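Student: I am new to this structure. Please take me through one part of it closely, and then through other places worth a look.

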Number of protein chains: 2
Amino acid sequence: MAIKNQASGGVSRQVLADHVYEALLVALMDGRLEAGTPVSIDGMARELDVSPTPVREALARLEATGMVRRMALRGYRVAPLFSPEELADLMDARLVIEPANAFMACKHADTQLTAQLEQAIEDLKAAPRGPSFAEFRAYWEADERFHRLIAEFADNQFLLSAYNALGGQVQRFRFFGGLGVTDADYAIAEHTEILKAFEAGDAELARQKMIDHIEGVKQRSQHDSEVRS
Amino acid sequence: MAIKNQASGGVSRQVLADHVYEALLVALMDGRLEAGTPVSIDGMARELDVSPTPVREALARLEATGMVRRMALRGYRVAPLFSPEELADLMDARLVIEPANAFMACKHADTQLTAQLEQAIEDLKAAPRGPSFAEFRAYWEADERFHRLIAEFADNQFLLSAYNALGGQVQRFRFFGGLGVTDADYAIAEHTEILKAFEAGDAELARQKMIDHIEGVKQRSQHDSEVRS
DNA sequence: GAAGCATAGATCCTATAGGAAATGCGATCT
DNA sequence: AGATCGCATTTCCTATAGGATCTATGCTTC
């Protein structure tokens, strides 16, 4: 067995498919699985030293995230990288959902939320900004956590599902795989503005600051993609 | 083999998991699988006369739609029915996404879209309105098609994913399983208003008419749930 | 040298077998 | 009577085997 259980006292029985899912996710974000390449079920099973059955289940779940695409009888492939146009579409979609999340979350805000948001910002400041995934993973995690907290505190399971469906919260970073973190200072400042609106309890302002933030991300990502090309 | 291929000339090889997925979907919407009941993998495999493997894969995909919930090592259960509060949340989420879809779709509208929307409305008028699933399936299909057309013509894959993630387009009807169609006349009128806005090319009006429609659905569903209780 | 075919391998898909844990039920003990 | 223990069944989970299809490589033939 290649993947061991955590040795924390009671052996918490784990489902192998979950480990496979995690392993695939890391491999995808790390860039070991490049966009467009096929993901063989049997091959991945051999590589992870498990049987094809849990691999199949993990891939079925991954498909819903958009990270991989499935063609019946043809297997799975890693989803292609975002084009600049698709990236703009993703930001447009975020502009639809996340400002609404911010508005609603602000109505339910309490000191617990603002404390957690502040912590996420602090972690963002402290995170390394290197180009490799191992380095900017902490950055990504803190950024994702900030937005997810807001989505969760909107207290609407369907909006949360919609937020999750964007999936780009993970995948968009694959676009910048070779660039690393380039806009940390802007993001930190914009996150802080959002936090201020939450602390003031001004839902309309929170909505607007979220719009400003995502517009900023959109413009900066467009600029980066131009530089890159 | 319990499920046969379609006999259309070339024997299009089909994946069994897709058939299982469809069968489960119909069973869920039909009410044969009641909310909260466990869905045994082995049991379902016996019932459909297939092996557990494709059932497992179909359930993994279904989980992403919210129709079933999974607990590791405990199996799958049919998701609970919506409470009135959750139904209101679903409508609030639709109010975030679908007006934006309408606005964007209107910018890409052409005669093909308006023709298809008109067809969907005509089908809505012609659909039977009985209480059983077999009867109102046509109604549901036409209603769903109207909204999906708009989501697709918004021409943003991420917004489409978000729309799909709501999943309520299917599941919400399970709430009314015992009621059948009660607001067809309102829905037809409101759909027609949206279509008019599309024909006029007025994106802002289309957004507003979509808001009006979903607000109407929300209020009527609230009323129905009160009558029912 | 180039085209066509055959065979071998890889891959997807499904079925089957078996281990591990949970659930249900009846018998036994206090 | 009520609680507890033990056994059988069910269920989930993983591994393995085999059929069908696609791909690729090498050989044969023109």
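Tutor: What follows starts with one helix and the ring pairs, then turns to the DNA and a few single residues.

This is a predicted model, in which local features need pLDDT of at least 70 and side-chain atom pairs count only at pLDDT 80 or more, while totals for chains, interfaces and linings use all residues. Residues are numbered from 1 along each chain as its sequence is written, chains are lettered from A and ligands numbered from 1 in the order in which they are written, and side-chain values use heavy atoms, with hydrogens and water left out.

The helix is H7 of chain A, residues 157-166; helices (H or I, at least four residues) and strands (E, at least two) are DSSP runs, numbered from the N terminus. Its buried residues are Phe158(A), Leu159(A), Ala162(A), Tyr163(A), Ala165(A) and Leu166(A). Buried means under 20% relative accessible area, exposed over 50%, and partly exposed in between, with a 1.4 Å probe and protein chains only. Looking down the axis of H7(A), these buried residues fall within an arc of 160°, so they line one face of the helix; the arc is that of the directions from the helix axis to the C-beta atoms. At the start of H7(A), a side-chain oxygen of Asn156(A) comes within 2.9 Å of the backbone nitrogen of Phe158(A). That is a polar contact, defined as a pair of N or O atoms within 3.5 Å; within protein, one must be able to donate a hydrogen and the other to accept it, and residues adjacent in sequence count only if both atoms are side-chain atoms.

Next come the rings. Over all chains, the whole structure holds 2 aromatic pairs. Rings of Phe, Tyr and Trp (its six-membered ring) pair if their centres lie within 6.5 Å; planes under 30 degrees apart count as stacked, over 60 as edge-to-face and the rest as tilted. Phe82(A) and Phe158(B) make an edge-to-face pair, 5.4 Å centre to centre with 85° between the planes. This pair crosses between chains, since Phe82(A) is in the loop between strand E3 (75-78) and helix H4 (84-107) of chain A, and Phe158(B) is in helix H7 (residues 157-166) of chain B. Phe82(A) is buried at 9% relative accessibility, and Phe158(B) is buried at 5% relative accessible area. Phe158(A) and Phe82(B) have ring centres 5.4 Å apart and planes at 85°, so this pair is edge-to-face. Phe158(A) lies in helix H7 of chain A and Phe82(B) in the loop between strand E3 (75-78) and helix H4 (84-107) of chain B, so the pair joins two chains. Both Phe158(A) and Phe82(B) are buried.

Now to the DNA. Around DNA strand C there are 19 residues, of which Ile41(A), Arg46(A), Leu73(A), Leu16(B) and Ser51(B) come nearest; a residue is near a strand if one of its heavy atoms lies within 4 Å of it. A polar backbone atom of Ser51(B) is 2.5 Å from a phosphate oxygen of DNA strand C. For Asp42(A), a polar backbone atom is 3.4 Å from a phosphate oxygen of that strand. With Thr53(B), a side-chain N or O atom is 3.3 Å from a base nitrogen of DNA strand C.

Finally, two single residues. Leu73(B) has a positive phi of about 70° although it is not a glycine, and Leu73(B) is partly exposed, with a relative accessible area of 48%. Asp155(B), also not a glycine, has a positive phi of about 60°; Asp155(B) counts as exposed at 53% relative accessibility.
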